[in-house]
Amino acid sequence: MARASLTRRPWRGRHARRESASLRGPLANWNNSIISRGETDRQLERSAERALDLYTNDAMAHGVLETMLVEAVGIGHTPQPSPKTSWLDLDVEWEDKFQDASRSAWETWGLDCRNWCDAMSRLNIYGLQGLAYFDWRLFGIGVTQVVSRADNLRPLSLALLPVSPFRLATPSDATNADIYDGIEVDADGNPLAVWFRKPTEYLGTATTANCTRVPYRDEATGLPRILLTTDVRNVCEYRQDSVLGPMLGEIRHSNDLAEAVVVGAMLRNLFTMFVQDYGAGAVDKNTPWNERIIETEKGTILAGGKNEKPIFFDHQAAPSGYGDLFSGIIDRLGMSTGRGAENILRRFQASYSASRANMEKADQFNEREHMVLNNRFNQPVWSWMLYEEMLRGRLPVRSHKDFVENLYAYTACEWLPQPFRHIDREKNAKANALERQGGTLLLEDVCGQRGRSWKDTLRKYAKELRFAKKLENEFAVKLPLFTHLGIEDEPTVVDGTQNDGSDDESTTSN
C-alpha cells in the first residue's frame with residue numbers, strides 16, 4: 001500500500017459522514033472513509049450540534065439521555081480504598097489508618113457544599129462524575145482539566161475544570177504533528193497534548209494561533225492533566241459520536257407520526273355540529289358553502305337544508321395502526337441504547353422475572369460504562385487527591401519517592417455504584433441474608449453503595465442497640481426492635497457494663 005493512502009497521515013481524517021451517510025447513498029460512509037481533516041472537524045461539530053439540539057428541544061431524546069445518566073451514575077460512584085498492603089509490605093493496622101485518612105479527605109474535598117473540588121464551585125465530586133458521563137454520551141467525549149486553585153479555605157489546591165468539548169480543535173497549520181479530534185499523539189498513539197480553541201475564537205477552522213496546547217500528562221506522577229472521558233477503541237480515536245446519533249431517524253419518525261396524529265384529529269373534529277333548517281329561509285343546495293359555515297368560539301356549525309344529511313368521521317376512532325407504529329419506534333430506541341423498551345417508557349408491565357431480566361440486562365451496559373468512567377475519570381481524580389494529601393503529610397506513607405513509585409498500590413480503589421433498586425425487596429432481602437451467611441456479600445459493599453463507611457455503620461448500629469436496651473431497662477418494657485431482628489436474649493448494657501443474661505429476673509425487673 002502506498003504511504004500516501006494511509007489514514008494516519010496528519011492531513012487525513014478517520015471518519016466521514018458521521019451523522020448523514022445517506023447523502024450519497026447507503027455506502028457513502030465507505031466510499032468517503034478517507035477525507036480531509038477540515039471536513040472531519042466540520043462533521044464533528046455538526047454531529048455535536050445536532051445532538052445538543054435534540055437534547056434541548058426533543059422530549060424523547062432528553063428523556064433517553066437523562067435515563068441513562070440516572071442509571072449509570074445516579075447519586076455517584078463511591079470509592080472504597082483498597083491499598084495493596086501485601087505489595088507494600090505493611091500491616092492491617094496501617095491499612096485501617098490509610099483508609100480512614102483517605103475517606104476523610106474525599107468527604108472534605110469532594111462533598112463539602114462549598115464545592116471545593118469544582119474550579120467553578122458549582123458541583124460536588126458526584127456532580128462532576130455525572131457531568132463527565134453526560135458530555136461523553138451527548139458529545140462523544142467528556143473533557144476535564146486538572147487545575148490548581150489555592151486559597152486559605154480550600155482543603156486542597158486540587159480542582160477540576162470542566163471544558164466544553166466544542167473547544168477541542170485540530171489546527172489546520174499543524175501539519176507536522178498527528179492530531180486527531182484535537183488530541184495530539186505520538187507514533188504509538190500515546191497522547192501528548194490536547195489542543196483547545198481559545199474562548200474568544202469562533203467555531204470553525206482554527207490555526208495554532210487560535211488554539212492553546214496543553215500537555216496531556218504530568219511528568220512527576222504520570223497522571224493525566226486532561227481527563228478525557230471516552231471509550232477509546234482505536235489508536236487514534238478519542239472522540240466518538242453522540243449516543244443520540246443512531247436515534248436521529250427514530251426520533252424524527254416519532255415526531256412525524258405525532259404530528260400526523262394531531263392533524264388527523266383536527267380533520268376528524270373540524271365540524272362539530274350539523275343543523276338542519278326546515279323553515280322558509282332554510283339553505284338549499286345552491287347556497288354557497290361560505291354562507292353555510294358558522295365559526296364559534298367553541299367549535300364550527302354547518303347549516304344544512306331539509307333534504308341534506310350529514311356524514312361525519314368517527315371522532316373516537318384512533319389512527320390506524322398508531323399503537324403498533326409507536327411501539328415499534330420505542331422498541332428500536334430501546335435497542336439503540338441497550339436498555340430495552342421498558343427503560344425508555346419507564347413502565348414495567350411484565351412479570352417479576354421478565355422485568356428483572358430486562359433490568360439486569362440493562363445493568364450489564366451500566367457496568368461497562370462504569371468501567372470507562374472509573375478508568376478515565378474517577379481513578380485519576382482519586383490518585384490526584386491522594387497525591388496532594390501525601391504532599392501535605394496527611395497520609396501514613398513511607399516517603400514521597402515510595403508513594404510515586406508505588407502509586408497504583410497506594411491508590412488502588414474499588415468504585416461502588418449507586419444501590420440497585422429491586423422490584424421485590426423481600427426476595428432481595430432473603431437473597432442478601434443467604435449471601436451474608438455464605439460470606440459472599442460484604443457489609444463494606446452494601447454500605448459503600450450508599451456512600452457510607454461500614455465501620456461507622458456498625459458503630460451506629462451498636463449505639464442503637466445499646467440505647468434501645470437502656471430504654472427497656474428504664475421503662476420496664478419490651479421494644480419490638482429485638483423481636484423484629486429475631487433476637488430474644490440481648491446482653492444488658494448499663495454504664496459500660498454487660499450482663500450475660502444469666503440473671504433473667506434482674507434483667508427484666510430493672
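Select Thr144 and Leu227 in this predicted model. Thr144 stands opposite Leu227, a residue of strand β10. Extend the selection to the two strands involved: β4 covers residues 142-148, and its pairing with β10 is antiparallel, over 4 bridges.

**The three-stranded sheet**

Add β5 to the view. The three strands form an open sheet in the order β5-β4-β10, paired antiparallel. At its edges are β5 (158-163) and β10, each of which pairs on one side only. Between neighbouring strands the average turn is 25°, with direction ignored. Now show helix α6, residues 125-139, which packs on this sheet and touches β4, β5 and β10. The direction of helix α6 makes about 30° with that of β5.

Stay on β10 and display its side chains. Which residues point one way from the strand, and which the other? Ile226 and Leu228 share one direction, while Leu227 and Thr229 take the other. All four of these residues are buried.

**Thr230, past the end of β10**

Move to Thr230, in the loop that runs between β10 (226-229) and α7 (248-268). Is Thr230 buried or exposed? Its relative accessible area is 1%, so Thr230 is buried, the cut-off being under 20%.

Show the side chain of Thr230 together with two backbone oxygens. That of Tyr238 is 2.6 Å from a polar atom of the Thr230 side chain. That of Gly140 is 3.3 Å from a polar atom of the Thr230 side chain. For the wider surroundings, select Trp136, Gly140, Ile141, Tyr238, Gln240, Val372 and Arg376: Thr230 touches each of them, with residues up to four places away in sequence left out of the list.

**The four-stranded sheet**

Next select β6, β7, β8 and β9. This is an open sheet of 4 strands in the order β6-β7-β8-β9, with antiparallel pairing. Strands β6 (178-180) and β9 stand at the edges; each has a single partner strand, so one side of each lacks a neighbour in the sheet. From one strand to the next the twist averages 30°.

Inside this sheet, pick β7 and β8. They run antiparallel and are joined by 3 bridges. To find the pairing on screen, label Glu184 and Ala193: Glu184 stands opposite Ala193 in β8.

Follow the chain from β7 (183-185) towards β8 (191-197) and stop at Ala187, in the loop between them. Ala187 has a relative accessible area of 67%, so this residue is exposed, the cut-off being over 50%. A distance label from Ala187 to Ala177 should read 9.7 Å between C-alpha atoms, for residues 10 apart in sequence.

**Cys211 and other cysteines**

Go to the edge strand β9, residues 211-215, where Cys211 is placed. With a relative accessible area of 6%, Cys211 is buried. What is Cys211 in contact with, once neighbours within four places in sequence are set aside? The residues are Ala169, Pro171, Trp195, Phe196, Arg197, Lys198 and Ala206. A further label can join Cys211 to Pro199, 12 residues away along the chain; their C-alpha atoms are separated by 9.0 Å.

Two other cysteines can be selected here. Cys117 is buried, at 0% relative accessible area. Cys413 has 16% relative accessibility and also counts as buried, because the limit is under 20%. How many disulfides does a search of the whole structure find? The search finds 0.

**Helix α5**

Select helix α5, residues 92-110, and put a distance label on its end C-alpha atoms. They are 26 Å apart. Why does this agree with expectation? The helix has 19 residues, and at 1.5 Å a residue the span should be 27 Å, so the two values agree.

Colour the buried residues of α5. They are Trp94, Phe98, Gln99, Ala101, Ser102, Arg103, Ala105, Trp106, Trp109 and Gly110.

**The whole chain**

Finally, zoom out to the whole protein. It has 17 helices and 16 strands. Of its 510 residues, 42% are buried. Among contacts with a separation of 6 or more, 65% are between residues 24 or more positions apart.

Key: Residues are numbered from 1 along each chain as its sequence is written. This is a predicted model: local features need pLDDT of at least 70, side-chain atom pairs count only at pLDDT 80 or more; totals for chains, interfaces and linings use all residues. Side-chain values use heavy atoms; hydrogens and water are left out. Buried means under 20% relative accessible area, exposed over 50%, partly exposed in between (1.4 Å probe, protein chains only). Contact means heavy atoms within 4.5 Å. The expected span of a helix is 1.5 Å times one less than its number of residues. A disulfide is a pair of cysteine sulfur atoms within 2.5 Å. A polar contact is a pair of N or O atoms within 3.5 Å; within protein, one must be able to donate a hydrogen and the other to accept it, and residues adjacent in sequence count only if both atoms are side-chain atoms. Two strands pair if DSSP finds at least two bridges between them. Axes are lines fitted to C-alpha atoms, for helices over the stretch in contact, and angles run from 0 to 180 degrees between N-to-C directions.
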